[in-house]
Amino acid sequence: GSGFDERTINTIAYQQLGKLENQPLALLTFRYNTIQYPQSANAFDSYGEALLKLGILKMAEQQFLKAIELASATNDTSTLKNSEKNLEKISQLKKTK
């Protein structure tokens, strides 16, 4: 392991996301989490949320679909609901474009 668990990495990434100049670093950190923890629905959901926040919709959508797939397999209902809600948000955003 990297010494940091998934939750810690996620927390750090969310803190970075809050600072405009650190957003590229935040994206890398979220992405790193999905590579370190490829079975984690939450890691993909969080990466998707970061991409969504920055308006990178196509990539965000891919993360949420992956999160849903993983969450379904592990009965992670809270992540499943969250990812589905975010996908809905993306489809709304696409309509207004």
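**Exercise 1. Salt bridges in the predicted model**

Task: In this predicted model, find how the side chains of Glu 69 and Lys 66 meet, and where the two residues lie.

Solution.
1. Glu 69 and Lys 66 meet through their side chains in a salt bridge, with an N to O distance of 3.7 Å.
2. The cut-off for a salt bridge is 4 Å, so a nitrogen of Lys within that distance of a carboxyl oxygen of Glu qualifies.
3. Both residues belong to helix α4, three residues apart, or about one turn of the helix.
4. Lys 66 is classed as partly exposed because its relative accessibility is 30%, and the partly exposed class lies between the limits of 20% and 50%.

**Exercise 2. A network of charged side chains**

Task: Determine how many salt bridges the whole structure holds, and which residues are joined into one network by shared partners.

Solution.
1. Searching the whole structure gives three salt bridges; one of them is the pair of Glu 69 and Lys 66.
2. Lys 58 pairs with Glu 61, and their closest N and O atoms are 3.9 Å apart.
3. These two residues stand three apart in helix α4 (residues 57–74), which means a separation of about one helical turn.
4. Lys 58 is exposed, since its relative accessible area is 56%.
5. Glu 61 also forms a salt bridge with the side chain of Lys 94, at 2.7 Å from N to O.
6. Glu 61 is in helix α4 and Lys 94 in helix α5 (residues 77–96), so this pair ties together parts 33 residues apart in sequence.
7. Lys 94 counts as partly exposed because its relative accessibility is 39%.
8. Through shared partners, Lys 58, Glu 61 and Lys 94 form one network of salt bridges.

**Exercise 3. A buried acid without a salt bridge**

Task: Establish whether Glu 6 is buried or exposed, and what its nearest side chain of opposite charge is. Then find which side chain makes a polar contact of 2.5 Å with that of Glu 6.

Solution.
1. Glu 6 is located in helix α1.
2. Glu 6 is buried and has no salt bridge; Arg 7, the nearest side chain of opposite charge, is 7.5 Å away.
3. The side chain of Ser 40 makes a polar contact of 2.5 Å with the side chain of Glu 6.
4. Ser 40 sits in the loop between α2 (23–36) and α3 (41–53), and is buried because its relative accessible area is 11%, under the limit of 20%.
5. A polar atom of the Ser 40 side chain is also 3.0 Å from the backbone nitrogen of Ala 43.
6. Beyond four places in sequence, Glu 6 touches Ala 43 as well as Asn 33, Tyr 37, Ser 40 and Asn 42.
7. With the same exclusion of sequence neighbours, Ser 40 contacts Glu 6 and Leu 70.

**Exercise 4. The aromatic pair**

Task: Count the aromatic pairs and work out how the rings of Tyr 14 and Phe 30 are arranged.

Solution.
1. The count is one aromatic pair.
2. The ring centres of Tyr 14 and Phe 30 lie 4.9 Å apart with the planes at 80°, so the arrangement is edge-to-face; the cut-off for that class is over 60 degrees.
3. The pair links distant parts of the chain, as Tyr 14 is in helix α1 (residues 6–17) and Phe 30 in helix α2, 16 residues apart.
4. Tyr 14 is partly exposed because its relative accessible area is 35%, whereas Phe 30 is buried because its value is 1%.

Conventions: Residues are numbered from 1 along each chain as its sequence is written. This is a predicted model: local features need pLDDT of at least 70, side-chain atom pairs count only at pLDDT 80 or more; totals for chains, interfaces and linings use all residues. Side-chain values use heavy atoms; hydrogens and water are left out. Helices (H or I, at least four residues) and strands (E, at least two) are DSSP runs, numbered from the N terminus. Buried means under 20% relative accessible area, exposed over 50%, partly exposed in between (1.4 Å probe, protein chains only). Contact means heavy atoms within 4.5 Å. A polar contact is a pair of N or O atoms within 3.5 Å; within protein, one must be able to donate a hydrogen and the other to accept it, and residues adjacent in sequence count only if both atoms are side-chain atoms. Rings of Phe, Tyr and Trp (its six-membered ring) pair if their centres lie within 6.5 Å; planes under 30 degrees apart count as stacked, over 60 as edge-to-face and the rest as tilted. Lys and Arg count as positive and Asp and Glu as negative; His and the chain ends are not counted.
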